[in-house]
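Trainee: Got a minute? I'd like to go through this one with you.
Mentor: Sure, pull it up.

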Amino acid sequence: MIKVQTEDFDIGALYQQIIASENNPLGYGAVITFVGKVRDFNQEQTVSALSLEHYPGMTEKVLNEISQQAMQRWPIAQPIIIHRVGDLQPGDQIVYIGVASAHRKAAFEACEFLIDYLKTKAPFWKKEKADDGYHWVDARESDQEAASKWATND
Amino acid sequence: MLSIVFFAQTREIIGQGEFSLPFKPEFSSLEAIRSHLASTNDKWDLALTREKLIIAVNQEMSPWDTEIKDGDEVAFFPPVTGG
């Protein structure tokens, strides 16, 4: 399930949704979830608000593609990816990724792959409000490096 | 007709999010489209500096040598920062 929304999400309800999945009648031995939150600092500045823009249509397409790639690489159920857009405050939840598998290794790896690819391929942009006004957040080299370690030769 | 779209800083500096550009044969090259748009004025030139600009053609990130056809949607934006 892929969702781009302004509303908050309920981690407990999403967990129930993952384990109730009827795709696998045998059930899952491992569920890994990642929640990204709005920090109240960035590059030594206090951040008082965050605004998220995205490219409607392309965003959902990219999230579906990376979901499919994860399912081809690891024996996992259909992942749940939720990303919020619009105006957020420090401490708010931004992104949710939930992955279930028979064993933990595949679920851990697929979850990390999904967040690494989301951060470098999905068209979202953050704008932060700091003491001296609004700033667009710069892309980080470390995020590119994290994503590149999942590259395959095919 | 080409559909040209901008996001984030690129959109903000340019001052608009989307517009239509009549297709011409030379616009089969992304660099020709970029330099045509950049020649509008200094702000557009700044917003469309080639370094660090990402392009999506029909909502897919694409290299600069992608061939553009009439009817395509071409997006210009800075590196993404979601998650």
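Mentor: Pockets need a definition up front. On a 1 Å grid over the protein atoms alone, a pocket is an open set of points where a 1.4 Å probe fits, with protein on both sides within 12 Å along at least five of seven lines; lining residues have an atom within 4 Å of a point. A volume is the space filled by probe spheres set on the points, which are joined across faces, edges and corners.

Trainee: And the ground rules?
Mentor: This is a predicted model: local features need pLDDT of at least 70, side-chain atom pairs count only at pLDDT 80 or more, and totals for chains, interfaces and linings use all residues. Residues are numbered from 1 along each chain as written, chains are lettered from A and ligands numbered from 1 in written order, and side-chain values use heavy atoms, leaving out hydrogens and water.

Trainee: What volume does the largest pocket have?
Mentor: About 1100 Å³. Its lining has 43 residues, and A:Val137, A:Asp138, A:Ala139, A:Arg140 and B:Thr81 lie nearest the centre.

Trainee: How do the residues of that lining divide?
Mentor: Into 19 nonpolar, 13 polar and 11 charged. Here Ala, Val, Leu, Ile, Met, Phe, Trp, Tyr, Cys and Pro count as nonpolar, Asp, Glu, Lys and Arg as charged, and the others, Gly among them, as polar.

Trainee: How much space lies in the second largest pocket?
Mentor: About 160 Å³. Its lining includes A:Met58, A:Tyr117 and B:Gln59. H2(A) gives the most to that lining, six residues. Helices (H or I, at least four residues) and strands (E, at least two) are DSSP runs, numbered from the N terminus. By class, the lining has five nonpolar, two polar and four charged residues.

Trainee: Switching to the interface. How many residues does each chain put into the contact?
Mentor: Chain B gives 20 and chain A gives 25. Contact means heavy atoms within 4.5 Å. The buried area is about 1900 Å², with 55% from carbon and sulfur atoms. That is accessible area (1.4 Å probe) lost on putting the two parts together, summed over both.

Trainee: Which residues in chain B lose the most area?
Mentor: B:Gln59, B:Thr81 and B:Gly83, together 36% of what that side buries.

Trainee: How many salt bridges are there between chain B and chain A?
Mentor: Two. A salt bridge puts a side-chain nitrogen of Lys or Arg within 4 Å of a carboxyl oxygen of Asp or Glu. One joins B:Glu12 and A:Lys127, at 2.4 Å, N to O. On chain B's side, H1(B) gives the most residues, four.

Trainee: And over all chains, how many?
Mentor: The whole structure has 10 salt bridges. One pairs A:Arg84 with A:Asp8, closest N and O atoms 3.5 Å apart.

Trainee: Why does that pair tie together parts far along the sequence?
Mentor: A:Arg84 lies in strand E6 of chain A and A:Asp8 in the loop between strand E1 and helix H1 of chain A, so the pair links parts 76 residues apart in sequence.
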